[in-house]
Amino acid sequence: MIATASFPLPGAPHLAYREENLQLEEVALDQLADRYGTPLFVYSKAAMLAALAAYQSGLAGRDAQICYAMKANSSLGVLQVFAQAGCGFDIVSGGELDRVIAAGGDVRKVIFSGVGKTRTEMRQALLAGIACFNVESEAELDVLSGIAAGMQLIAPVSIRVNPNVDAKTHPYISTGLKGNKFGVAHEDALRIYRHAATLPGLRVVGIDCHIGSQITDTTPYLDAMDRVLDLVASIETAGIPIEHIDFGGGLGIDYNHDTPPAADALWRALLAKLDARGYGNRKIMLEPGRSLIGNAGVCLTEVLYLKPGEQKNFCVIDAAMNDLPRPAMYQAFHAIVPLAKGRDLPAVNYDVVGPVCESGDWIGRDRALAVQSGDRLAVLSAGAYCMSMASNYNTRGRAAEVLVDGQHAQLIRSRETPADQMRNERLLAS
Ligand code: LLP
């Protein structure tokens, strides 16, 4: 039997072994790998909707809009599920806006975040009629006002404030501290709001913050809320009404038996504070990404070679850092489990690595696995920031994606071919 640290499966409510074979909802993953090949991302619609339901239950009875932060996973089939469930979208580029429209999402529920919106993107979003621009600097305010006024339009804006709280997460995904490139400093916010209120092309509608990602503790959220509400009070005293408060995203998921608060529990705690401070009737916006899709997805991969070594044993798989960039980028942990359990093999400690020509191309370190070449594995909690961050490094085509709904499985993206990859390239004329 296999003795891995990965049982029970972390964060995977719709994933289970049935007669030794891993299933997502009612679908045997091995069969999907047979049919569509590997590496293959597979998502559970029920897991996505259950994650969303946790937010909806925490926010029940409130004027709240959940805007899925689609950078976590922007595949059209995934967006369709959230759009049909009533979500708006938090976008960070014109390309993401195009995706919302292609997936049938409601542009009036779109908010546009990001420190570097181009003028073209601003025009595109103004024409589309999005709900709000989350502005990140004074310079951006001036440019947006000029562009909107030139189009005889008014841009609805919220200013992203940096509450200077420590989200206690990986430095690359912590965004709410001084010294991050995001938002405007808390102490400058009132002055910048006053300035925004004077600009002809803008209408101030809200305030927003986002303190980081993969947050597993409630305290930074409560602290950030206090800081933001202090600002709302002073901005409104200055005569600028704040219609909505956007608390961003950031809630963590279970990668390695992590224990983030459940979304409903987190929101009950946050709403208690909002009520206590007299802002309970205010419209709330939020921008969750990872917590809606992360645990709903797995990446299926095949063992290509086992490579025993003096210092380390390597398990070479057909998925790589171009498919699953999080370990290489953030030393992130993803559980790795076999699709077929109960192999009559000894468990051996492996570094699980991909075929890309970089030592940084590892997916898991020191994993006890009972596998042989040709076996298949599932990399868990791979719904967020995997496919959306995938690249073509080493001219590897991006993986295919399947969405599972009960007993049904639908291909939502076919595997990228070399021709797809070379489509926009041109040979030299001579
Ligand atoms: N809102 C804003 C303004 C953001 O910058 C982000 C994420 C979100 C919402 C959604 O945060 P979430 O709920 O997903 O934590 N690639 C990294 C994560 C980068 C997050 C960037 N911003 C990773 O794989 O861990």
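The exercises below work through a predicted model of a protein with a ligand, each with a stepwise solution.

Because the model is predicted, local features need pLDDT of at least 70 and side-chain atom pairs count only at pLDDT 80 or more, while totals for chains, interfaces and linings use all residues. Residues are numbered from 1 along each chain as its sequence is written, and side-chain values use heavy atoms, with hydrogens and water left out.

**Exercise 1. Work out where the ligand lies relative to the domains.**

Step 1. Begin with the division of the protein into domain 1 (2-44 + 294-420) and domain 2 (114-286), with bounds that come from an automatic or database domain assignment.

Step 2. Note that the C-alpha centres of domain 1 and domain 2 are 36 Å apart.

Step 3. Both domain 1 and domain 2 give residues to the shell around the ligand, so the ligand lies between them.

**Exercise 2. Describe the surroundings of the ligand and its polar contacts.**

Step 1. The ligand is surrounded by 17 residues, of which the closest are Ser213, Glu287, Arg326, Tyr330 and Tyr385; a residue is counted as near if one of its heavy atoms lies within 4 Å.

Step 2. The shell divides into 6 nonpolar, 5 polar and 6 charged residues, where Ala, Val, Leu, Ile, Met, Phe, Trp, Tyr, Cys and Pro count as nonpolar, Asp, Glu, Lys and Arg as charged, and the others, Gly among them, as polar.

Step 3. Turn to the polar contacts, pairs of N or O atoms within 3.5 Å: a side-chain N or O atom of Glu287 is 2.6 Å from a nitrogen atom of the ligand, a polar side-chain atom of Arg326 is 2.6 Å from a ligand oxygen atom, and a side-chain N or O atom of Tyr385 is 2.6 Å from an oxygen atom of the ligand.

Step 4. Of the 590 Å² of accessible area that the ligand has on its own, the protein covers 92%, by the Shrake-Rupley method with a 1.4 Å probe.

**Exercise 3. Is Asn322 buried or exposed, and which side chain does it contact?**

Step 1. Locate Asn322 in the loop between strand 15 (314-317) and helix 11 (326-330); helices (H or I, at least four residues) and strands (E, at least two) are DSSP runs, numbered from the N terminus.

Step 2. With a relative accessible area of 1%, Asn322 is buried, a term that stands for under 20% relative accessible area (1.4 Å probe, protein chains only).

Step 3. The side chain of Asn322 is joined to that of Arg396 by a polar contact of 2.6 Å; within protein, one atom of such a pair must be able to donate a hydrogen and the other to accept it, and residues adjacent in sequence count only if both atoms are side-chain atoms.

Note on methods: Buried means under 20% relative accessible area, exposed over 50%, partly exposed in between (1.4 Å probe, protein chains only).
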